[in-house]
Amino acid sequence: MSRAAVLAGVGAWLPETVVTNDELARHLDTTDAWIRTRTGIRRRRVIGPGESTGSLAVEAGRRALKSAGTDEAGVVVVATSTPDRPCPATAPEVASRLGLTGVSAFDIAAVCTGFVYALGTAAALITSDTTDSVLVIGADAFSTILDPEDRTTRAVFGDGAGAVLLRSGEPGEPGALGGLHLGSDGTRSELIEVPAGGSRQRASGVPAAEAGPYFAMRGKAVFSEAVRKMADAVEATAHSLGWAPGDIDRFVLHQANARILAAVADRMGMPAERFVSNIEDVGNTVAASIPLALADGVADGALRAGQHTVLAGFGGGLTWGAVGLVWPDVTPV
Ligand code: COA
């Protein structure tokens with residue numbers, strides 16, 4: 001392989017409206033104490049009128065371009081499971097709103113693993129000489145598909161967007177992505193799903209309200225699978241890169257639940273301080289989760305140039321994946 005995909009910039013964007021645990025407890029049978037101890041989450045952001053997954057993606061994308069010192073990208077990929085509309089994809093409009101009309105632009109749907117899948121796809125477009133740069137955005141507005149009466153999912157999920165710019169560079173240079181591992185298991189797709197709205201329910205004529213228009217999750221089963229699959233994916237990525245697990249300075253995992261991060265650390269025998277986390281303030285932001293944690297990690301100094309870093313995700317599908325890099329000198333925006 002003559003060239004590599006190199007991370008050159010990172011950016012993020014959150015909607016303004018904050019929903020605290022206490023605010024949720026005013027309408028639902030829950031408490032701040034339950035949510036904090038079971039998930040580590042204190043607050044989350046949600047979109048309001050005039051905002052959408054696409055508008056969050058545009059702002060995060062703009063900041064990643066600025067962080068990389070450019071206003072150009074050859075391809076725009078948006079990882080999302082809450083597109084602005086079921087059809088068309090969200091990415092072309094996001095690209096146009098960034099002044100990039102004409103470039104290739106498409107969505108990737110792998111729920112909470114979407115950003116890692118998008119990174120893998122973007123890296124392949126660069127290493128195959130198809131393009132010199134890709135803007136990879138993870139954006140979701142799960143508040144729009146949650147059951148207002150479901151205290152479990154309302155406590156966990158928040159809206160947001162994060163992005164990185166990948167450029168072509170040399171294998172082995174800081175920021176070069178390597179050791180990509182992706183996987184899926186469709187036999188357990190029902191663990192995380194929105195039953196209605198797709199062709200299966202529409203073709204059989206079942207009304208959406210009957211089929212289930214809201215996001216549904218079997219939390220306990222998801223929890224244990226998330227721990228196992230993210231730990232395995234991290235180890236596979238480290239192995240491919242020739243790193244021992246102990247060589248990994250920073251783990252940037254999908255922010256699903258603070259207890260999931262702690263359980264992965266435990267399973268791998270790694271100190272919890274090496275796990276970058278912002279879940280307390282944003283909750284589980286689905287495809288935005290990893291790039292938001294990257295942007296926050298750069299801003300607060302948790303991520304510094306030279307650190308051996310592994311990103312890993314797990315989510316609906318089921319899907320999972322990981323990728324590694326030596327953290328480059330990235331400008332916070
Ligand atoms: N407030 C109070 N009680 C709640 C609650 C809330 N917000 N949400 C659930 N409960 C209740 C349940 O109804 C259940 O009550 P019961 O025992 O009377 O039936 C009890 O708490 C325990 O529920 P359980 O689901 O076993 O709790 P948990 O410790 O597994 O925590 C999750 C639930 C959702 C926080 C946890 O399973 C989780 O984080 N799973 C992974 C989620 C995830 O990341 N999904 C995205 C894809 S990666």
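## Exercises: where two domains meet

In this predicted model, 14 residue pairs, both members at pLDDT 80 or more, are in polar contact across the interface of domain 1 and domain 2.

**Exercise 1.** State which elements build the side of domain 1 that touches domain 2, and classify the residues there.

*Solution.* Start with the elements giving two or more residues to this side. The strands are β1 (4-13), β3 (43-46), β6 (133-140) and β7 (160-169). The helices are α2 (32-39), α5 (114-127) and α6 (151-156). Next, sort the residues of this side. There are 23 nonpolar, 13 polar and seven charged residues.

**Exercise 2.** Find the salt bridges across the interface of domain 1 and domain 2, and check the pair Asp281 and Arg43.

*Solution.* The rule finds two salt bridges across this interface. Now take the pair. The closest N and O atoms of Asp281 and Arg43 are 2.2 Å apart. The cut-off is within 4 Å. Asp281 and Arg43 therefore form a salt bridge. Then place both residues. Arg43 lies in domain 1 (4-169), and Asp281 in domain 2 (178-326).

**Exercise 3.** Describe the extent of the interface between domain 1 and domain 2.

*Solution.* First, the positions: the domain centres, taken over C-alpha atoms, are 14 Å apart. Second, the contacts: 43 residues of domain 1 touch 42 residues of domain 2. Third, the area: about 3300 Å² is buried between the domains. Carbon and sulfur atoms give 69% of that area. Last, the top contributors on domain 1: Cys112, Val116 and Tyr117 supply 18% of the area that domain 1 buries against domain 2, more than any other three residues.

Conventions:
Residues are numbered from 1 along each chain as its sequence is written. This is a predicted model: local features need pLDDT of at least 70, side-chain atom pairs count only at pLDDT 80 or more; totals for chains, interfaces and linings use all residues. Side-chain values use heavy atoms; hydrogens and water are left out. Domain bounds come from an automatic or database domain assignment. Contact means heavy atoms within 4.5 Å. Buried area is the accessible area (1.4 Å probe) that two parts lose on being put together, summed over both. A salt bridge is a side-chain nitrogen of Lys or Arg within 4 Å of a carboxyl oxygen of Asp or Glu. A polar contact is a pair of N or O atoms within 3.5 Å; within protein, one must be able to donate a hydrogen and the other to accept it, and residues adjacent in sequence count only if both atoms are side-chain atoms. Helices (H or I, at least four residues) and strands (E, at least two) are DSSP runs, numbered from the N terminus. Ala, Val, Leu, Ile, Met, Phe, Trp, Tyr, Cys and Pro count as nonpolar, Asp, Glu, Lys and Arg as charged, and the others, Gly among them, as polar.
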